[in-house]
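Biologist: Could you walk me through the pockets and one of the helices here? I'd like to hear the reasoning behind each label.

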Amino acid sequence: MNKNLVGIAAFLLAVFVLVPLAIAATGRWDLYYTLTSVALLAIGSAGVWLTFYIGRINIGQGAYALMGGYVSAVLMTKAGFSFWATLPLAGLFCAGISVLIGLPILRLRGVYFAMITLVLTEVTRLAALALPVTNGAKGITSIPLPGSLSVFGITLIPDFATMANPKLGFYLLAAALMVLSYVVLWRIVNSRLGHLCRSLQQNEELAASIGVNTAYLRVLTYAISSFFGGLAGAVFVAISQSIYPSSFAVADSVNFMLYCFVGGLGYVTGPMLGTFVLYFGWDLLSIAKQYQLLVYSSLMIAMMLVLPNGLLSLFDRKGGKK
């Protein structure tokens, strides 16, 4: 337990103190955008991991990131909402859509759910092209930076437009949301709800025979998963100050799934590690030039054969949820 607390403290120190200090010392301000992107991808992949936890393959998280981004953009530019109000609303909208989708298909075998989610991102992209409120292929641009956030007259977060370095502000925001998302994920896994979800992963028929409402649990976890996707998409919009139908594609949905595999499906923090490794690993392989994709694919296949339980299994020979 003490080792876990020390590890968590070291991680938080590195994320919120050491990384900003290192970037300030080197002057590599561009790294803030890179690390912010990694944090947002880790939030989205946390949701995908949760659907794996109930034994379902989710290849549609990019759709919810795109939905969340558009919800936030529309509310800010057309309805005058503040960015902070759109964050939960974007997540709740995605959760609501996932319930409508999940109610009929999550009663079916897992393969049908995977097939539906595979086309969901493309369907969302086509909807964004067709709907007037999304402005079609032109997308939504000139989205304002987040304003200040005050509670009882006390300013908790200053207006991003007045910050000397908004990139630092976005990095800290994304990192804080990432940490909060994984705290929520860990709490779910170690709660009664998590234990019931684990029973679905092991044997759905047996779980149903002892009175577990399997359909309800599947839909609930899928809704939470989609909330994470919408949250990540909303923050992405604030950073880029624009969103287009092509902002999230099928490839992004596949990557969200790969992050979980690489980090380890048996570990709560697996998606976070997998996101970091694959994001920077792809950039490092740019030295292979035209063979970059071939080398990347070969390494992925080799890693899944040698480490089927992900990278975190190297640090935990006995396995288990961490």
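Modeller: What follows is a short back-and-forth on a predicted model.

Biologist: What makes Gly7 and Ile8 lining residues of the largest pocket?

Modeller: A lining residue has an atom within 4 Å of a pocket point. There are 34 such residues around the largest pocket, and Gly7 and Ile8 are among the closest to its centre, along with Phe11, Thr269 and Met272. The pocket's volume is about 1400 Å³.

Biologist: Which helix gives the most to that lining?

Modeller: H1 does, with ten residues. Helices H2, H6 and H11 each supply at least two as well.

Biologist: How many residues of that lining are nonpolar?

Modeller: 27, next to four polar and three charged ones. Mind that Gly counts as polar in this scheme.

Biologist: And the second largest pocket, which residues are closest to its centre?

Modeller: Ser37, Leu41, Asp252, Tyr259 and Tyr279, out of 17 lining residues. Its volume is about 430 Å³. H2, H9, H10 and H11 each supply at least two residues of this lining, which divides into twelve nonpolar, three polar and two charged.

Biologist: Why is the span of H9 called close to the expected one?

Modeller: The expected span is 1.5 Å times one less than the number of residues. H9 has 27 residues, so 39 Å is expected, and its first and last C-alpha are 39 Å apart.

Biologist: What makes H9 "mostly covered"?

Modeller: Buried means under 20% relative accessible area, and 21 of the 27 residues of H9 are buried. Just after H9, Gln241 takes a positive phi of about 60 degrees.

Definitions and conventions. Residues numbered from 1 in each chain as written. Predicted model: local features only at pLDDT ≥ 70, side-chain atom pairs only at ≥ 80, totals over all residues. Heavy atoms only, no water. 1 Å grid on protein atoms, 1.4 Å probe; cavity = no way out; pocket = protein on both sides within 12 Å on 5 of 7 lines; lining within 4 Å. Points joined across faces, edges and corners; volume = space filled by probe spheres on them. Helix = DSSP H or I, 4+ residues; strand = E, 2+ residues; numbered from the N terminus. Buried < 20%, exposed > 50% of the residue type's maximum accessible area, 1.4 Å probe, protein only.
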